[in-house]
Amino acid sequence: MTVEYGDQDARAVGPALAKGLRMRCPSCGKGHMFHAYLKVSDTCPACGTELHHHQADDAPAYFTILAVGHVIVPLAAVVERVAMPAMWIHMALWIPLSLATALFSLPRIKGALVALQWALRMHGFDGKGNKMEGHLAPTEPGAAA
Ligand SMILES: [Zn+2]
(Lines give C-alpha, C1' and ligand atoms only; values in the text may rest on other atoms or scores of the structure.)
Protein backbone atom coordinates (compact mmCIF):
# COMPACT_ATOMS: atom_id res chain seq x y z
CA MET A 1 0.00 0.00 0.00
CA THR A 2 1.31 3.38 -0.95
CA VAL A 3 -0.11 6.55 0.56
CA GLU A 4 0.07 9.77 -1.43
CA TYR A 5 -0.49 13.23 -0.02
CA GLY A 6 -0.94 15.90 -2.64
CA ASP A 7 2.37 17.07 -4.06
CA GLN A 8 4.49 15.14 -1.55
CA ASP A 9 6.37 11.98 -2.44
CA ALA A 10 4.49 8.77 -1.83
CA ARG A 11 5.66 6.57 1.02
CA ALA A 12 5.07 2.84 0.86
CA VAL A 13 3.62 1.57 4.13
CA GLY A 14 4.71 -2.09 3.87
CA PRO A 15 8.45 -1.52 3.40
CA ALA A 16 8.40 1.18 6.09
CA LEU A 17 6.76 -1.26 8.52
CA ALA A 18 9.35 -3.93 7.69
CA LYS A 19 12.18 -1.47 8.35
CA GLY A 20 10.51 -0.37 11.58
CA LEU A 21 10.15 -3.96 12.75
CA ARG A 22 13.93 -4.31 12.23
CA MET A 23 14.30 -1.10 14.33
CA ARG A 24 15.79 0.73 11.35
CA CYS A 25 15.01 4.11 9.87
CA PRO A 26 11.74 3.88 7.92
CA SER A 27 13.20 6.02 5.15
CA CYS A 28 16.60 4.45 4.36
CA GLY A 29 16.48 1.21 6.38
CA LYS A 30 20.15 1.60 7.33
CA GLY A 31 20.33 3.85 10.38
CA HIS A 32 19.28 2.59 13.79
CA MET A 33 15.95 4.09 14.89
CA PHE A 34 16.80 3.88 18.61
CA HIS A 35 19.76 5.29 20.52
CA ALA A 36 18.71 3.37 23.65
CA TYR A 37 16.33 0.48 24.30
CA LEU A 38 13.17 2.51 23.58
CA LYS A 39 14.59 6.00 22.93
CA VAL A 40 13.98 7.03 19.33
CA SER A 41 16.84 9.04 17.84
CA ASP A 42 15.95 12.60 16.86
CA THR A 43 17.30 11.97 13.36
CA CYS A 44 18.46 8.94 11.44
CA PRO A 45 22.25 8.63 11.83
CA ALA A 46 22.54 7.38 8.24
CA CYS A 47 20.27 9.64 6.17
CA GLY A 48 19.25 12.43 8.56
CA THR A 49 15.50 11.80 8.35
CA GLU A 50 13.80 13.48 11.30
CA LEU A 51 12.32 10.85 13.60
CA HIS A 52 11.52 13.06 16.59
CA HIS A 53 8.00 13.70 15.27
CA HIS A 54 6.78 10.31 16.45
CA GLN A 55 4.05 10.11 19.07
CA ALA A 56 3.94 6.43 19.85
CA ASP A 57 2.85 7.04 23.46
CA ASP A 58 1.34 3.88 25.00
CA ALA A 59 0.53 2.14 21.72
CA PRO A 60 3.72 -0.01 21.66
CA ALA A 61 3.00 -1.32 25.17
CA TYR A 62 -0.65 -1.95 24.28
CA PHE A 63 0.19 -3.90 21.11
CA THR A 64 2.99 -5.79 22.89
CA ILE A 65 0.64 -6.91 25.65
CA LEU A 66 -1.94 -7.84 23.03
CA ALA A 67 0.54 -9.88 20.98
CA VAL A 68 2.29 -11.57 23.90
CA GLY A 69 -1.03 -12.40 25.53
CA HIS A 70 -2.30 -14.00 22.34
CA VAL A 71 0.79 -16.22 22.20
CA ILE A 72 1.44 -17.11 25.84
CA VAL A 73 -2.11 -17.64 27.10
CA PRO A 74 -3.06 -20.22 24.42
CA LEU A 75 0.27 -21.99 24.93
CA ALA A 76 -0.30 -22.15 28.68
CA ALA A 77 -3.83 -23.43 28.12
CA VAL A 78 -2.63 -26.15 25.75
CA VAL A 79 0.17 -27.23 28.11
CA GLU A 80 -2.30 -27.33 31.01
CA ARG A 81 -4.77 -29.35 28.96
CA VAL A 82 -2.19 -31.82 27.66
CA ALA A 83 0.27 -32.24 30.54
CA MET A 84 -1.40 -30.68 33.61
CA PRO A 85 1.94 -29.74 35.17
CA ALA A 86 2.28 -28.41 38.72
CA MET A 87 1.61 -24.72 39.23
CA TRP A 88 5.30 -23.99 39.93
CA ILE A 89 6.15 -25.36 36.50
CA HIS A 90 3.64 -22.99 34.92
CA MET A 91 5.14 -20.11 36.88
CA ALA A 92 8.72 -21.10 36.02
CA LEU A 93 7.81 -21.45 32.36
CA TRP A 94 5.36 -18.71 31.47
CA ILE A 95 6.58 -15.76 33.54
CA PRO A 96 10.12 -15.72 32.11
CA LEU A 97 8.82 -16.54 28.63
CA SER A 98 6.29 -13.69 28.85
CA LEU A 99 8.96 -11.25 30.02
CA ALA A 100 11.44 -12.31 27.35
CA THR A 101 8.84 -12.16 24.59
CA ALA A 102 7.62 -8.73 25.72
CA LEU A 103 11.13 -7.30 26.03
CA PHE A 104 12.02 -8.66 22.60
CA SER A 105 8.80 -7.42 20.96
CA LEU A 106 8.42 -3.97 22.52
CA PRO A 107 11.14 -2.07 20.60
CA ARG A 108 10.21 -3.83 17.35
CA ILE A 109 6.54 -2.94 17.73
CA LYS A 110 7.49 0.63 18.66
CA GLY A 111 9.72 0.77 15.58
CA ALA A 112 6.84 -0.40 13.40
CA LEU A 113 4.49 2.20 14.90
CA VAL A 114 6.99 5.02 14.38
CA ALA A 115 7.52 3.80 10.81
CA LEU A 116 3.75 3.72 10.24
CA GLN A 117 3.46 7.31 11.47
CA TRP A 118 6.33 8.27 9.15
CA ALA A 119 4.74 6.50 6.16
CA LEU A 120 1.35 8.11 6.81
CA ARG A 121 3.00 11.51 7.39
CA MET A 122 1.45 11.83 10.83
CA HIS A 123 2.49 14.23 13.64
CA GLY A 124 4.90 16.42 11.68
CA PHE A 125 6.31 13.67 9.46
CA ASP A 126 4.57 15.59 6.66
CA GLY A 127 7.40 18.12 6.68
CA LYS A 128 5.13 20.89 7.95
CA GLY A 129 6.30 20.68 11.54
CA ASN A 130 4.61 19.37 14.62
CA LYS A 131 2.88 22.48 15.82
CA MET A 132 -0.55 22.36 17.43
CA GLU A 133 -2.36 25.72 17.53
CA GLY A 134 0.87 27.69 17.73
CA HIS A 135 2.40 25.61 20.52
CA LEU A 136 5.23 23.14 20.22
CA ALA A 137 4.16 19.55 20.70
CA PRO A 138 5.84 17.77 23.63
CA THR A 139 7.98 15.62 21.30
CA GLU A 140 9.43 18.54 19.36
CA PRO A 141 12.95 19.65 20.36
CA GLY A 142 12.84 22.83 22.38
CA ALA A 143 9.36 22.16 23.75
CA ALA A 144 8.93 22.35 27.51
CA ALA A 145 8.72 18.95 29.18
ZN1 LIG B 1 17.64 6.88 7.50
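Which residues are buried in α3? In this predicted model, Pro107, Ile109, Lys110, Gly111, Ala112, Leu113, Val114, Ala115, Gln117, Trp118 and Ala119 are buried in α3. A residue is called buried if 20 or more other C-beta atoms lie within 10 Å of its own, exposed if 12 or fewer do, and partly exposed in between, with C-beta atoms placed from the backbone.

Residue numbers start from 1 along each chain as its sequence is written. Because the model is predicted, local features need pLDDT of at least 70 and side-chain atom pairs count only at pLDDT 80 or more, while totals for chains, interfaces and linings use all residues.

## Overall organisation

The chain contains three helices and four strands, arranged along the sequence in the pattern β-β-α-α-α-β-β. Helices (H or I, at least four residues) and strands (E, at least two) are DSSP runs, numbered from the N terminus. Of the 145 residues in the chain, 23% are buried. Contacts, defined by C-beta atoms that are placed from the backbone and lie within 7 Å, include many between distant parts of the sequence: where the two residues are at least 6 apart, 54% of contacts join residues at least 24 apart.

## Helices α2 and α3

The table sets out the two helices. The expected span is 1.5 Å times one less than the number of residues, and a bend is the angle between axes fitted to the seven residues ending at a residue and the seven starting there.

| Helix | Residues | Reach, first to last C-alpha | Expected span |
|---|---|---|---|
| α2 (59-83) | 25 residues | 35 Å | 36 Å |
| α3 | 33 residues | 46 Å | 48 Å |

Each helix has a bend. In α2 the bend is about 25 degrees and falls at Gly69. In α3 the bend is about 30 degrees at Ser105, with a proline, Pro107, following within four residues.

The buried residues of α2 are Pro60, Thr64 and Val68, and they pack against α3 (87-119). An α-helix has 3.6 residues a turn, so residues three or four places apart point the same way.

Two packed helices are described by the angle between their axes and the distance between the axes. For α2 and α3 the packing angle is about 145 degrees and the axes are 8 Å apart; here axes are lines fitted to C-alpha atoms, for helices over the stretch in contact, and angles run from 0 to 180 degrees between N-to-C directions. The crossing of α2 past α3 is right-handed, a term used if the near helix is turned clockwise from the far one by less than a right angle, whereas anticlockwise would be left-handed.

On the α2 side, the residues that meet α3 include Ala59, Phe63, Ala67, Val71, Ile72 and Ala76, together with the buried Pro60, Thr64 and Val68. Their counterparts in α3 include His90, Trp94, Leu97, Thr101, Ser105, Leu106, Ile109 and Leu113.

Leu75 also lies in α2. With 13 other C-beta atoms within 10 Å, Leu75 is partly exposed. Its C-alpha is 8.9 Å from that of Trp94, at a separation of 19 residues in sequence.

## The nonpolar core

A nonpolar core is a set of buried Ala, Val, Leu, Ile, Met, Phe, Trp, Tyr and Cys residues joined through C-beta atoms within 7 Å. The largest one has 15 residues, and those with the most contacts inside it are Met33, Leu51, Leu113, Val114, Ala115 and Trp118. Helix α3 supplies the largest share of this core, seven residues. Apart from neighbours within four places in sequence, Ala115 is in contact with Ala16, Leu17, Lys19, Gly20 and Pro26.

## Loops and positive phi angles

Met84, just after α2, takes a positive phi of about 45 degrees. Arg121 follows just after α3 with a positive phi of about 55 degrees, and it lies in the loop between α3 and β3 (131-132). Arg121 is partly exposed, with 18 other C-beta atoms within 10 Å.

Met23 belongs to the loop between α1 (13-21) and α2. Although Met23 is not a glycine, its phi is positive, at about 60 degrees. Met23 is partly exposed, with 17 other C-beta atoms within 10 Å.

Lys30 is likewise placed in the loop between α1 and α2. Lys30 counts as exposed because it has 12 C-beta neighbours inside 10 Å. Residues up to four places away in sequence aside, Lys30 touches Arg24, Cys25 and Ala46. The C-alpha atoms of Lys30 and Lys19 are separated by 8.6 Å, with their positions 11 residues apart along the chain.
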